[in-house]
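Hi everyone, thanks for making time today. I'd like to walk you through a structure that is new to most of us, so settle in and have a look at it with me.

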Amino acid sequence: MKKTLTAIALAATTVLTGAAPALAEYPNGPVQFVVPWPPGDFEDILTRMIAEDFQEQTGQSASVVNRPGGGDGPFPGALEVLNGPTDGSVVGSFVIGVPIVGPLIDIGIDENSFTPVGIFLTYPFVLAASGDAGYSNMAELAAYAQDNDVVLGHFGAGLTPTKASYAAAKLMDFEFADDSAFDMLDCNTLSSGDADVINTTLALIEPCLGEINILANIGAEPIDKLNGVKTLAAQSGVNDIELWNGLFVKTGTPQEVIDKLAEIASATMASDAAKELMVATGARVYWQGMDESAARIESDRAKSADLDKIIGN
Amino acid sequence: MIENQNTKSDFALFEDELPFEKDGTFKSECRPDKKVKLEDLFKFSRTRGDLQVSIVAAAIAVFFLIFFWSQTGWEKRVLPDGLGSYFAHQLGFIELDGRVSRLGRILKQSWVAPLLCLLVLVPAALMNLWASFKEHKWRKRFLLPTSAYFEMTKYAAALEFVFYFVSYTLLVPYLGYLLSTVLLGLFLPWRLGYRSRTWMIRSLCSSLAIVIIFRSFLQIKTPVSIWLYDQLPSAFRGFMLTYF
Amino acid sequence: MTFPVIIAILIGSVGGVIIGAVPGIGPAIAIAILLPATVFLDDLISLVLLLGVYGSSMYGGAIPAILINTPGTPVNALTTYDGYAMTRRGEASRALSLAYSSSFLGGVFSILAALIALFVFGPYLRDLGALFGQRDIMTAAILGAVLLIAAHRQTMGIAAMLFGFGFLIAMIGRQSTRGIDRFTFDIEYLYSGFNLIVVIVGIFALSQALNLMVGKDDDPPQARITGGLFTGFRELFGKKTVALCSATYGTVMGIIPGVGEFVAQFFSYSTARALSKEPTRFGHGSAEGLIASETSNNAVPAAAMIPLLALGVPGEALTAMMMVVFFDAGIKPGPDVFENNPDFLFSLFMALLIINVLVLATLLVSSKYIAKMIYIPNRFLGAFIMILSFVGVYSIRNSLTDCIFAIIFGYIGYVLRRLDWPLVPIVLGLVLGSIILEKLTAGAGQIKSAIDLINRPVSGTLFVVILFVIGFIILTSVRNRRRDYQN
């Protein structure tokens with residue numbers, strides 16, 4: 001209801017301001033933010049906040065579109081942005097996997113298909129196991145896995161957190177007996193026994209956080225909310241690659257578009273709502289501009305290549 | 001209609017009494033359980049075009065079977081050596097030494113599901129073709145009509161409307177949603193025979209209603225790069241793109 | 001319960017009745033077309049709107065079934081038998097009020113059953129969820145498939161073949177991150193596979209549009225509704241056994257995936273006839289026949305929600321579309337829905353209850369006006385279904401190729417309709433097939449050897465049931481074949 005009333009109000013304003021000079025200023029049409037995951041997770045919530053602020057501040061309608069790729073992760077959604085125009089009307093909200101793993105698989109994404117507008121979220125990505133598993137950190141898991149079958153559940157074999165888990169296993173000298181790709185990893189996955197160890201974000205296992213064992217978190221620093229859980233890097237010796245989410249546009253989009261988006265998004269990330277989210281969930285919310293993000297992507301590319309080498313690809 | 005009961009003897013069909021009772025209500029001579037058979041509601045009998053379509057269906061199934069070997073990752077399969085003994089082990093008949101591949105690793109490969117599907121689909125399609133063929137021969141044997149000409153004309157008639165829909169789909173990126181829908185909404189009823197002024201007005205109103213409710217009000221997505229709108233000055237272009 | 005939500009419920013219910021009342025459009029078509037349009041509305045509003053259409057269309061479908069011997073939706077087919085006979089005797093309003101009251105009873109019965117089950121099992125549902133893992137859901141989907149095929153008594157082979165085609169369509173696609181590439185022939189469009197709504201709009205809506213446009217306009221006789229519509233309630237009260245029995249059938253059949261309204265109706269009609277004191281009147285204006293068919297077919301929608309919500313396995317095509325609606329509203333049906341969204345379940349069934357009440361009230365007041373919908377000429381209707389289908393299909397993935405494939409599926413559906421072959425197996429092949437595929441991939445990790453597929457309590461039991469059903473199918477078809485040869 002509110003959206004339709006806003007739509008009508010926007011119609012009125014667009015017609016009235018239509019008499020403005022023909023110099024097209026961004027944004028001059030509706031803008032879509034593409035989130036290549038199902039709704040509900042952190043990147044979805046934050047992107048919706050950005051879209052709302054965008055609409056308020058520019059007067060153009062901004063909407064968030066979820067394009068879950070099912071078994072294919074974020075790539076179908078990324079391809080949709082890639083096939084879109086370069087005028088800034090389609091903006092992607094992508095995880096690290098898109099610019100880094102995308103070029104490695106044969107789907108049409110190159111290393112410079114997308115230009116980062118900025119990175120704003122680090123996921124609280126963890127390895128979790130059920131409460132009555134016989135291990136509560138990586139060392140115990142390594143010991144347990146020597147004689148027992150441990151099955152890893154993840155979001156896709158080529159994705160970064162999966163690679164990190166396998167690299168850690170290699171370095172700690174144990175093997176996962178098998179692994180499965182899921183499109184949703186949550187409390188039920190552990191309680192029904194579909195996987196013994198899962199790679200997931202804290203948002204998805206929030207309801208049962210008290211009853212399960214968090215073995216490690218994938219990132220550069222431990223998460224405050226989980227006391228006593230060390231990072232995967234500290235426990236196994238893999239590099240401290242982090243799983244982040246950022247705003248991207250198709251390469252070729254004019255700089256003023258990127259600047260405008262950065263201006264609005266960085267303000268959203270500094271807002272109180274975002275800060276509350278950060279404290280409550282363990283995610284880290286910040287803003288890294290275009291150049292910083294590009295540099296970070298390059299260094300993450302190197303880290304990812306390292307992981308591949310450890311696994312033996 | 002009978003006038004009176006004196007002419008009873010003329011009705012050889014009804015021995016005892018006339019089908020009409022004294023008070024005029026009709027009493028059926030049919031036995032009760034023959035009156036309505038529920039099974040008739042769901043009765044299925046193969047119609048004329050059945051054989052032709054069954055042939056096409058079987059051809060499609062065989063087509064997928066042929067391309068199964070190249071299109072599903074069969075070439076990249078990873079199966080343990082000694083498949084026979086592996087299966088025997090899986091079914092619990094024998095014990096194998098050393099490391100045994102997990103069944104899950106085989107099931108995850110991309111060709112497993114197509115194989116299982118085709119194992120059900122191809123026999124079903126071929127059996128259906130055989131049943132259809134048997135029915136066809138049965139009908140021919142009893143000199144019942146078997147020509148599917150009428151069905152074929154009906155299939156061809158539908159193709160015309162398929163063409164209209166495809167043209168509409170291809171027209172939208174050029175003329176925009178509003179114009180294309182109004183054009184189709186006026187043309188189709190006209191083609192179907194609703195040519196009077198009242199009907200033309202009704203068609204126009206309905207198509208406009210559809211455009212306004214779905215596009216302007218509910219903002220459903222329609223193609224965003226429209227040739228016609230690009231010819232308009234920038235302000236109008238934005239307006240038309242958002243609302244029409 | 002804010003004002004927009006109330007409006008949405010109203011529009012959904014009344015709209016659903018009207019849509020059901022127009023022979024030629026069914027709830028599947030309406031939901032398929034409205035689904036993408038609701039993306040821009042608030043989640044709750046769109047959910048309630050589509051739920052209204054889902055729960056109320058069978059009420060409306062009885063109107064043309066009774067008045068002009070044409071079922072408004074396919075599931076009202078049995079209603080035509082007794083309902084139209086009553087109209088011919090001049091008892092149209094009696095038939096209508098019987099139909100409304102029986103539908104109301106059926107709907108409320110299954111909703112209450114679901115709510116009671118929720119209350120009783122609610123606290124345990126979270127632990128129950130732990131029983132249902134990937135392999136269990138896969139077995140449930142396979143059971144649904146087997147039951148679906150078994151339910152098509154005389155066309156089992158054709159149903160199996162069409163189910164296989166549906167499964168094949170589900171398989172086409174490429175998932176690079178999992179190394180899966182099936183039948184894409186390196187065509188870029190096929191990488192993402194076929195979308196469920198595209199296929200449904202094609203097979204149900206566009207095929208019906210083609211059917212209507214190629215055919216002739218009906219000349220419906222003048223149907224007059226006079227007199228009060230309340231007599232039916234009293235009559236229903238007098239025939240409690242039949243009504244409750246049919247309602248139970250409908251509820252139970254709805255819960256079993258793959259079975260659906262047709263079998264529910266068939267069984268309840270046959271049982272009512274067997275139990276009745278006047279079996280000869282069935283098919284010729286028997287009140288019990290009307291009660292039996294309408295109660296059971298309206299009990300199915302609410303009950304069919306249960307396997308959808310509990311397992312994520314939809315039991316019939318319409319419920320499969322509601323699954324998409326739930327996804328869009330951010331709710332993923334499956335065992336974790338009890339953990340994550342328990343209030344949602346309760347509100348869902350309460351909303352269905354309100355919808356049933358609203359619809360009944362509306363119908364009692366305005367049947368005369370709604371009945372006018374049956375006079376829309378067929379071919380005109382077909383033209384507008386075609387226009388509306390574009391709306392439904394393009395908005396899903398912004399793809400014009402989707403629209404082209406939709407009309408291809410529409411043509412296929414048209415040919416199938418002319419041949420009298422069932423349409424539902426293709427759609428359920430697509431739905432259940434994608435569930436089976438996904439669960440197989442996800443569950444494969446824990447499968448060390450063949451026994452792991454069935455050594456869990458739920459999948460083991462379901463596997464045994466599947467074996468029974470297959471055995472039953474083989475037995476009965478052998479027996480039928482022997483009987484055919486004997487005749």
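**A buried asparagine to begin with**

Let's start inside chain B, at B:Asn128, which sits in helix H5, residues 112–141 of that chain. Before going on, please keep in mind that this is a predicted model. Is B:Asn128 buried or exposed? It is buried, because 24 other C-beta atoms lie within 10 Å, and the cut-off for calling a residue buried is 20 or more.

Who are its partners? Setting aside neighbours within four places in sequence, B:Asn128 is in contact with B:Ser54 and B:Ala57 from chain B, and with C:Gly157, C:Ile158 and C:Met161 from chain C. For a sense of distance along the chain, take B:Phe165: B:Asn128 and B:Phe165 are 37 residues apart in sequence, and their C-alpha atoms are 32 Å apart in space.

Now let's step back to chain B as a whole. Chain B is divided into domain 1, residues 50–141, and domain 2, residues 171–243. How far apart are the C-alpha centres of these two domains? The answer is 48 Å.

**Where chains B and C meet**

We have just seen B:Asn128 in contact with residues of chain C, so to speak of the whole contact: 64 residues come from chain C and 62 residues from chain B. On the chain C side, helix H16, residues 378–397, gives the most, with 11 residues. What kinds of residue make up that side of chain C? They divide into 43 nonpolar, 14 polar and 7 charged.

**The cores**

Next, the interior. The largest nonpolar core has 220 residues, and the members touching the most other members are C:Ala32, C:Leu50, C:Ile200, C:Met321 and C:Val427. Helix H3 of chain C, residues 43–68, provides the largest share of this core, 16 residues. Domain 1 and domain 2 of chain B both give residues to this core too, so it lies between them.

Let's zoom in on one of those members. Leaving out neighbours within four places in sequence, C:Val427 is in contact with C:Gly166, C:Val199, C:Ile200, C:Ile203, C:Ala317 and C:Ala320. There is also a second, separate core of 91 residues, which includes A:Ala62, A:Phe125, A:Phe176 and A:Ala195.

**Over to chain A**

That second core takes us to chain A. Chain A is divided into domain 1, made of 30–123 + 243–311, and domain 2, residues 125–236. The C-alpha centres of domain 1 and domain 2 of chain A lie 25 Å apart. In the contact between them, 20 residues of domain 1 of chain A meet 24 residues of domain 2 of chain A. Which element supplies the largest share of the domain 1 side? That is H11(A), with 5 residues. The residues on this side of domain 1 divide into 10 nonpolar, 8 polar and 2 charged.

Two elements of chain A deserve a look. Helix H2, residues 42–58, has 17 residues and reaches 24 Å from its first C-alpha to its last, close to the 24 Å expected at 1.5 Å a residue. Its buried residues include A:Phe42, A:Leu46, A:Ile50 and A:Phe54. Right after H2(A) comes A:Gly59, with a positive phi near 80°.

The other element is strand E11, residues 284–288 of chain A. In a regular strand the side chains alternate between the two faces of the sheet. Here A:Val285 and A:Trp287 point to one face and are buried, while A:Arg284, A:Tyr286 and A:Gln288 point to the other and are not. Strand E4 of chain A, residues 114–122, pairs with E11(A) in the antiparallel sense over 3 bridges. The bridge partner of A:Thr122 in E11(A) is A:Arg284.

**Two aspartates to finish**

Last stop: positive phi values outside glycine. A:Asp173 has a positive phi of about 70° although it is not a glycine, and it is found in the loop between helix H6 (160–171) and strand E7 (178–181) of chain A. A:Asp173 is exposed, because just 10 other C-beta atoms lie within 10 Å.

C:Asp420 also has a positive phi, near 70°. It is placed in the loop between helix H17 (400–419) and helix H18 (424–443) of chain C. C:Asp420 counts as partly exposed, because it has 14 C-beta neighbours inside 10 Å.

How values were computed: Residues are numbered from 1 along each chain as its sequence is written. Chains are lettered from A and ligands numbered from 1 in the order in which they are written. Domain bounds come from an automatic or database domain assignment. Two residues are in contact if their C-beta atoms, placed from the backbone, lie within 7 Å. Helices (H or I, at least four residues) and strands (E, at least two) are DSSP runs, numbered from the N terminus. Ala, Val, Leu, Ile, Met, Phe, Trp, Tyr, Cys and Pro count as nonpolar, Asp, Glu, Lys and Arg as charged, and the others, Gly among them, as polar. The expected span of a helix is 1.5 Å times one less than its number of residues. A residue is buried if 20 or more other C-beta atoms lie within 10 Å of its own, exposed if 12 or fewer, and partly exposed in between; C-beta atoms are placed from the backbone. A nonpolar core is a set of buried Ala, Val, Leu, Ile, Met, Phe, Trp, Tyr and Cys residues joined through C-beta atoms within 7 Å. Two strands pair if DSSP finds at least two bridges between them.
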